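Let's walk through this model together, one question at a time. Have the sequence and the 3D view open as you read.

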Amino acid sequence: MAHNASQAIIAKQAKQPAHNADSINVHQTELTQPLSNSTAINDDFISHHQEIRQNLQNIMWQGAGIVRTKKGLQESYQQIATMRLNFQAVGVPQQLTTAWLELRNLLDMALLTLEAALQRPDSCGAHFVKY
């Protein structure tokens, strides 16, 4: 079951359009909006938070690791933006948990990191950008 939830997220991500300035602005607005719709959370989604976190880690390593490309950054941004939207669509649990808050924060920080990397095409620090 965990594999199916992860595959559904990845399948949706693959269909997303390429990253552009408009999509950054849309996602910036979403990041500043609090997740306020308190609902009973889908247990299937939340029970797989470790798998979602692992997918997030893999996407960030592939797209925003030490060697970066514009295409890799864009694809990672789109994938994580989709993950964040799916996470947001589930709603806020009535009882907040550390795992839920950490996952929300990780998704937000991943998007902000990718956005910053896309806006800075030069290599700096330990990162090498191939354009």
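Q: Which residues of helix 4 are buried?
A: This is a predicted model, and buried here means under 20% relative accessible area. In helix 4, the residues that qualify are His-49, Ile-52, Asn-55, Leu-56, Ile-59, Met-60, Gly-63 and Ala-64.

Q: How wide an arc do these buried residues cover around the axis of helix 4?
A: An α-helix has 3.6 residues a turn, so residues three or four places apart point the same way. The buried residues sit on the same side of helix 4 because their arc around the axis is only 135°.

Q: Which residues are exposed on the other side of helix 4?
A: Exposed calls for over 50% relative accessible area. Opposite the buried side, the exposed residues are Gln-50, Trp-61 and Gln-62.

Q: Which element gives the largest share of the largest nonpolar core?
A: That core has 20 residues, and Leu-56, Met-60, Ile-80, Leu-107 and Leu-114 have the most contacts inside it. Helix 4, helix 5 and helix 6 each give two or more residues to this core. The largest share, eight residues, comes from helix 6.

Q: Which residues is Leu-114 in contact with, leaving aside neighbours within four places in sequence?
A: Leu-114 is among the buried residues of helix 6. Beyond those sequence neighbours, its contacts are Met-60, Ala-64, Leu-73, Ser-76, Tyr-77 and Ile-80.

Q: Is Glu-75 buried, exposed or partly exposed?
A: Glu-75 lies in helix 5. Its relative accessible area is 41%, and the class between 20% and 50% is the one in between. Therefore Glu-75 is partly exposed.

Definitions and conventions
Residues are numbered from 1 along each chain as its sequence is written. This is a predicted model: local features need pLDDT of at least 70, side-chain atom pairs count only at pLDDT 80 or more; totals for chains, interfaces and linings use all residues. Side-chain values use heavy atoms; hydrogens and water are left out. Helices (H or I, at least four residues) and strands (E, at least two) are DSSP runs, numbered from the N terminus. Buried means under 20% relative accessible area, exposed over 50%, partly exposed in between (1.4 Å probe, protein chains only). The arc is that of the directions from the helix axis to the C-beta atoms. A nonpolar core is a set of buried Ala, Val, Leu, Ile, Met, Phe, Trp, Tyr and Cys residues joined through side-chain atoms within 4.5 Å. Contact means heavy atoms within 4.5 Å.
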